Amino acid sequence: MCGIAGCVALRPGAAPPSIEDLTAMAGAMRHRGPDEFGLYRDARAGLAHARLSIIDLATGQQPLCNEDGTLWIVFNGEIFNYLELREELQALGHRFRTRSDTEVIVHAWEAWGEDSFARFNGQFAVGLWDGRAEALVLARDRLGVRPLYLAEQGGRLWFASEVRALFAGAPELPRALDPVGLSETFTFWTVVPPQAVFQGVSELEPGHVRVYRDGAVRDRAFWTPRYPAAPGEGFQGTLPEAAERVEAALEQAVRLRMLRADVPVGSYLSGGLDSSLVAALGRRVKGERFLTFSLRFENAEYDETSYQRAAVARIGSDHREVVVGPNDIAEVFPEVVLHAERPLLRTAPAPLFLLSRLVRDSGIKVVLTGEGADEMFAGYDLFREGQVRRFWGRQPASKARPRLLERLYPYLARSPVAQQGMAREFFGRNREQGKLPGFAHQTRWGPAAALQRLFTEEVRRAAGEVDVVGRLLASLPPEFPRWRALAQDQYLEVRTLLAGYLLASQGDRMLMANSVEGRFPFLDADVVELANALPPSYKLRGLDEKHVLKRAARQLVPEEILRRPKQPYRAPDALSFVGPQAPEWVGETLSPEAVRQAGVFAPEGVARLWKKCQASGGGAQFSNADNMALVGVLSTGLLVQQLVRRPPERATAVPFRTVVDRLTHPGAGPRPANETESRPS
Amino acid sequence: MNHAPQVKKFIVENFYVSDANALGPETSLLEGGYVDSTGMLEIVTFLEEKFSIKVAEEELVPENFETIARICAYLERKQAKA
């Protein structure tokens, strides 16, 4: 786990990358890889690397090359099946100098080219410079666990794990928010790659490989999610057989993630099904002292302590906790936004930032998490809601069918009549259009998009040039209409919220902020293929979410966790920023002057929003819209302050361990992969 | 009595409308992105408290609350009956 960056002259004869720029990029990613630094440079390409050492501590330094020094790599992540691939490659005659997974990628590229990436079971972002072909290859794992951003300017291409490193390495890049990126954020709750929130910056799509060669660019998907499209396709076994297969696949996924590490691996434990199952399997694989980490909330509405304790008692782990109060969230929020590098509509990433800090302070570098289970096994309310709304829409006049909503959201049954009526209005809108793509997501996207009324007229006009929902739905795979409704909903969830928010803002960024690597058994290649092949009714059985997973977990997870209603992970939102204890930056960021300077929102609207939130006092319930609006405005303001207006920090000295500079040594021959030299200071 | 200014003031403030001029009597509150369903509840609560009326279940239909003009018409009918 690491940070990677690079700069390539897209045309021969353009100025070579400078050591200063590469140093600045490595320095900007210090939090991602504080252990070792390295760089490579020739007349066309420069690569920079910040390393968090996890596999092959002794000889896994980067950048690293092939046998004859013509192919150089920077790599962030893990290839969990690297030992198996290494054997295959050795059988093909490739010679290895290190024990790292990094070197496996280099030889895989030589042997299989672009087909390599589909063979990797892992989480990765890769930059490969083929000096002989003068080609740059960039690739990113199937679901987007590891980030990769790009920018072009003046005939040069810059890439990096984080936008901050792009800005540090190329101060000449314009720094401004992109209205279309904002429009996506205030619709899908995130940008959807390749769209980024900064103008001129793009994000490599998950599962894609991109090659720059001879002045041309080719970008293709080496993997996309697939679901059964016709009867007879997909998993044909019984439900108990499916549960057995799921348990076996998950155990293997956990085993790979526990054992393919040269440092201890711990686990997050939320108290829900997914992380309890992962932690139980981790403990089973490890068979000895095993650390688990939990978030607790002072506010009982969000807290899951009793379930966490039950899981710990069952697993027998060495357990650590951090207790989060509303002031804690406000206090770290600026730093959270700095690391997330995008506007947030929820504060939920903030507690996860505090949790990864606890992990680091406990001396652990790698944790398993339960992320991905809800997407792969249909855990979200949105999926159940979509099924109920479609069912109702087949008899739109039915009085009984909408009552199913009360099964879904029990609070409705206890609500005042007016609220029930409005809920029917809300969920029932366009209910007869259940076959249209995006149907289930309308109830999420619509209310978020309504918040664009806060944009300035100028931003609204610029944002309006792209219909972001239309663009997303126009880019669906051709087989999409043949998938079952649940599979369609899962695909959209994976494409939007998983990659853009859960794995990024709540995942990689909050983990790497404290130099901790997350590993995601539910996103294992085999687990994903199996889950996607299952019939929808095995995942969502009636309204029982993750049904097959619960069966698979029966022997491993306490009964009370199997039976508990799903509790979405949430943290106090607007509540964190109101009241006398709110930090000063809140009021400053919302002041008409700051809002005007940021140039995204109209000061009048923000003033009204702030007044309403303040008037609600500390104890009041904020509506979903108020929560998203306040958190969205605050995070956007913090983003502008920290990443747009503030000039990027340029590190001038980084303790490089690996330096290969072909420009100052034009006659230098190839160097072995693990040979390093120290750079004269 | 013309309730429109009061209703509009509430909507502008409560739903943090930036440009009050763009919100006319016939602007659709739902389609225009001003109000979502929980927002509608806030409107109903406001009307019940401010104008001492009781909104019945069968009256909770978009026809009554879709625009400021419809809200005002609804209010007048309610008050005429009272």
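**View 1. A cis peptide bond sits in the loop between β3 and β4 of chain A.** The residue to find is A:P63, placed in the loop between β3 (45–51) and β4 of chain A. This is a predicted model. A:Q62 and A:P63 are joined by a cis peptide bond. Its omega is about -5°.

**View 2. A second cis bond joins two prolines, A:P193 and A:P194.** Omega is near 10° for this cis bond. A:P194 belongs to the loop between α6 and β10 (201–203) of chain A.

**View 3. A:D214 has a positive phi.** The angle is about 50°, although A:D214 is not a glycine. Look for A:D214 in the loop between β11 (208–213) and β12 (216–221) of chain A.

**View 4. A salt bridge ties A:D68 to A:R132.** The two side chains meet at 3.4 Å, N to O. The pair links distant parts of the chain, 64 residues apart. A:D68 lies in the loop between β4 (64–65) and β5 (71–79) of chain A. A:R132 lies in the loop between β6 (122–130) and β7 (135–140) of chain A. Over all chains, the whole structure holds 56 salt bridges.

**View 5. Chain A meets chain B.** On one side, 24 residues of chain A make contact; on the other, 22 residues of chain B do. The two chains bury about 2100 Å² between them. Of that area, 58% is on carbon and sulfur atoms. In chain A, the residues that lose the most area to chain B are A:M422, A:R453 and A:R608. Together they make up 34% of what that side buries.

**View 6. A salt bridge crosses from chain B to chain A.** The side chain of B:E31 meets that of A:R429 at 2.6 Å, N to O. How many salt bridges are counted between chain A and chain B? The count is two. Polar contacts cross here as well: 10 residue pairs, both partners at pLDDT 80 or more.

**View 7. Helices of chain A supply residues to the side that touches chain B.** Four of them each give at least two residues: α15 (417–428), α16 (442–450), α26 (603–615) and α27 (624–645). Which helix gives the most? It is α15(A), with eight residues. By class, this side of chain A has 12 nonpolar, four polar and eight charged residues.

**View 8. The second largest pocket has a lining of 42 residues.** Its volume is about 890 Å³. Nearest its centre lie A:R429, A:W445, A:G446, A:P447 and A:A449. A:R429 also appears in View 6, in the salt bridge with B:E31. Both chains give elements to the lining. From chain A, two or more residues each come from α6 (179–188), α15, α16, α17 (457–463) and α18 (468–474). From chain B, α2 (37–51) and α3 (62–65) do likewise. The largest share, seven residues, comes from α16(A). What classes of residue make up the lining? They divide into 21 nonpolar, 13 polar and eight charged.

Terms used:
Residues numbered from 1 in each chain as written. Chains lettered and ligands numbered in written order. Predicted model: local features only at pLDDT ≥ 70, side-chain atom pairs only at ≥ 80, totals over all residues. Heavy atoms only, no water. Contact = heavy atoms within 4.5 Å. Buried area = accessible area lost by both parts, 1.4 Å probe. Salt bridge = Lys/Arg side-chain N within 4 Å of Asp/Glu carboxyl O. Polar contact = N/O pair within 3.5 Å; in protein donor to acceptor, adjacent residues only side chain to side chain. Helix = DSSP H or I, 4+ residues; strand = E, 2+ residues; numbered from the N terminus. Nonpolar A, V, L, I, M, F, W, Y, C, P; charged D, E, K, R; others polar. 1 Å grid on protein atoms, 1.4 Å probe; cavity = no way out; pocket = protein on both sides within 12 Å on 5 of 7 lines; lining within 4 Å. Points joined across faces, edges and corners; volume = space filled by probe spheres on them.
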